[in-house]
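Biologist: I would like to go through this model step by step. Please keep each answer short and give the reasoning before the result.

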Amino acid sequence: MAWSQKQFIFALTMVVTGSINTLSTKWADNIESEGSDGQVRRFVHPFVQACAMFLGEFLCLLAFKAVYYHLRRKNNGSEDRHDLVQGNREFSPFILFVPAMCDMLATSIMYVGLNLTYPSSFQLLRGSVIIFVAILSVAFLNRTLVKREWFGIAFIMVGLVIVGMSDVLSNDNTGSQYTRNNVITGDLLIILAQIITAVQMVYEEYYVTALNIPALQAVGWEGFFGFSVLGALLLPMYFIHVMYPFNSNAHGVLEDLPDALAQMANNYQLIIAISGMIVSIAFFNFAGISVTKEISATTRMVLDSVRTLVVWVVSLLLVWQKFHYLQLIGFAGLLFGMCLYNDIIVLQTYRRVKIALLLRIGRQSSDGMGEVIINRQADEPDR
């Protein structure tokens with residue numbers, strides 16, 4: 001079935017804004033600016049960036065409220081029928097506090113990891129969340145995985161190993177910000193973050209899904225909680241001294257907000273990059289929710305894989321990393337595993353090919369039998 005123009009716009013928006021979000025974050029990481037101590041250094045402030053991301057998610061709540069009150073003014077009950085706002089609006093927002101804290105922790109760890117590794121690896125390694133969601137679903141949701149899903153997980157694991165190998169082998173370890181130890185540390189942090197994200201997803205499935213909360217509202221509340229709590233934590237982080245490679249700021253602390261603000265004030269490109277993060281994550285969530293409602297959740301997963309490919313290609317074009325054929329193989333393994341796990345494309349294509357072959361064989365058999373019958377009739381003597 002062909003997509004409508006609206007569906008195509010939603011899909012394109014999801015891919016573009018999702019790619020912009022990752023690339024804007026990495027662009028900010030690579031920008032050099034004068035800090036609060038007068039020294040010029042890269043913008044290494046993952047927790048400030050995470051705050052910006054949650055601010056973008058909080059915008060989804062504002063968008064939800066705007067759409068809801070706009071529809072409500074019509075006095076025709078459309079607020080109960082519109083895809084973006086329909087659902088249960090009578091719930092305690094604090095039910096979303098736990099997943100918001102998981103999201104806060106996972107996002108912060110991922111952004112620390114992104115400072116240490118390549119943007120394409122960041123995007124690819126996020127695919128490992130499927131493995132941990134599957135394991136936790138079996139343990140806590142009493143779910144049974146079928147063979148197809150286990151094979152999908154196996155391919156994802158192989159793909160992850162290949163991606164990790166490509167990061168190590170493509171690193172020259174000489175003068176680059178991506179030293180071998182940094183890259184390995186960054187990759188491991190990103191995978192660790194996926195475990196926390198999996199906990200968030202399983203919690204949401206167990207406690208939140210049954211409440212039928214509008215997705216845009218749920219994302220917005222999680223953004224509100226994440227921004228509020230992480231914003232408050234920036235103060236004690238200023239007094240926590242850490243070691244290399246996590247101390248690349250003016251005072252060698254876990255997070256240096258004054259240094260981040262000084263760097264932003266001294267380089268307008270940082271303001272553009274962080275604004276891009278905020279706006280893109282808001283539109284990405286909006287488009288993702290719309291794709292799920294208008295098309296399907298599996299389509300959303302496939303589009304997210306397309307986003308990974310876009311990030312990888314742009315990173316190569318911007319010379320943020322070197323090309324290594326293993327990363328392409330790893331991406332293929334991850335994509336194949338995801339498709340197999342979610343039962344899209346791979347088995348469907350196999351079934352269609354199998355049916356087509358069986359039909360063709362059946363037609364050939366029928367034609368052959370017809371020819372035999374005709375020949376027998378022709379060979380019979382005339383009566």
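Biologist: What share of the contacts in the protein chain with a separation of 6 or more is accounted for by residues 24 or more positions apart?

Modeller: Bear in mind that this is a predicted model. Contacts in the protein chain are counted here if their separation is 6 or more, and the part asked for joins residues 24 or more positions apart. That part is 79%.

Biologist: How many helices and strands does the protein chain have, and what box do its C-alpha atoms fill?

Modeller: The protein chain has 13 helices and two strands. Taken along the principal axes, the box filled by its C-alpha atoms is roughly 110 × 65 × 40 Å.

Biologist: How much of the protein chain is made up of buried residues?

Modeller: A residue is buried if its relative accessible area is under 20%. The protein chain has 383 residues, and the buried share of them is 47%.

Biologist: Which helix gives the largest share of the largest nonpolar core?

Modeller: The largest nonpolar core has 77 residues, and Phe43, Leu96, Tyr111 and Leu334 are among those with the most contacts inside it. Eleven residues form the largest share of this core, and they come from helix α3, residues 97-116.

Biologist: Which residues are included in the second, separate core?

Modeller: This second core is separate and has nine residues. Including some of its members by name, the list runs Cys60, Val85, Leu216 and Val219.

Biologist: Which residues does Leu334 touch, not counting those up to four places away in sequence?

Modeller: Leu334 is one of the residues with the most contacts inside the largest nonpolar core. With residues up to four places away in sequence not counted, Leu334 touches Leu124, Phe155, Ile156, Gly159, Leu160 and Val163.

Biologist: How are α2 and α3 oriented to each other?

Modeller: Helix α2, residues 46-72, packs against α3 at an angle of about 130°, and their axes are 9 Å apart. An angle over 145 degrees would count as roughly antiparallel, and 65 to 115 as roughly perpendicular. The angle of α2 and α3 fits neither range, so the two helices are oblique.

Biologist: How do the residues of the contact of α2 with α3 divide by class?

Modeller: On the α2 side the contact includes Phe47, Met53 and Glu57, and on the α3 side it includes Asp103, Tyr111 and Val112. The residues of this contact divide into eight nonpolar, four polar and two charged.

Biologist: Is Ile274 buried or exposed?

Modeller: Ile274 lies in helix α10. Its neighbours within four places in sequence aside, Ile274 is in contact with Phe43, Ala52 and Met264. The relative accessible area of Ile274 is 6%, and the cut-off is under 20%, so Ile274 is buried.

Biologist: How is α9 oriented to α10?

Modeller: The axes of helix α9 (residues 257-266) and helix α10 (residues 268-294) come within 5 Å and cross at roughly 110°. Angles of 65 to 115 degrees count as roughly perpendicular. Therefore α9 is, relative to α10, roughly perpendicular.

Biologist: How is α1 oriented to α10?

Modeller: Helix α1, residues 5-30, packs with α10 at an angle of about 150°, and their axes are 7 Å apart. The cut-off is over 145 degrees. Therefore α1 is, relative to α10, roughly antiparallel.

Biologist: Which hand does the crossing of α1 and α10 have?

Modeller: By class, the contact of α1 with α10 has 16 nonpolar, twelve polar and two charged residues. As α1 passes α10, the crossing is left-handed.

How values were computed
Residues are numbered from 1 along each chain as its sequence is written. This is a predicted model: local features need pLDDT of at least 70, side-chain atom pairs count only at pLDDT 80 or more; totals for chains, interfaces and linings use all residues. Side-chain values use heavy atoms; hydrogens and water are left out. A nonpolar core is a set of buried Ala, Val, Leu, Ile, Met, Phe, Trp, Tyr and Cys residues joined through side-chain atoms within 4.5 Å. Buried means under 20% relative accessible area, exposed over 50%, partly exposed in between (1.4 Å probe, protein chains only). Helices (H or I, at least four residues) and strands (E, at least two) are DSSP runs, numbered from the N terminus. Contact means heavy atoms within 4.5 Å. Axes are lines fitted to C-alpha atoms, for helices over the stretch in contact, and angles run from 0 to 180 degrees between N-to-C directions. Angles under 35 degrees count as roughly parallel, over 145 as roughly antiparallel, 65 to 115 as roughly perpendicular and the rest as oblique. Ala, Val, Leu, Ile, Met, Phe, Trp, Tyr, Cys and Pro count as nonpolar, Asp, Glu, Lys and Arg as charged, and the others, Gly among them, as polar. A crossing is left-handed if the near helix is turned anticlockwise from the far one by less than a right angle, and right-handed if clockwise.
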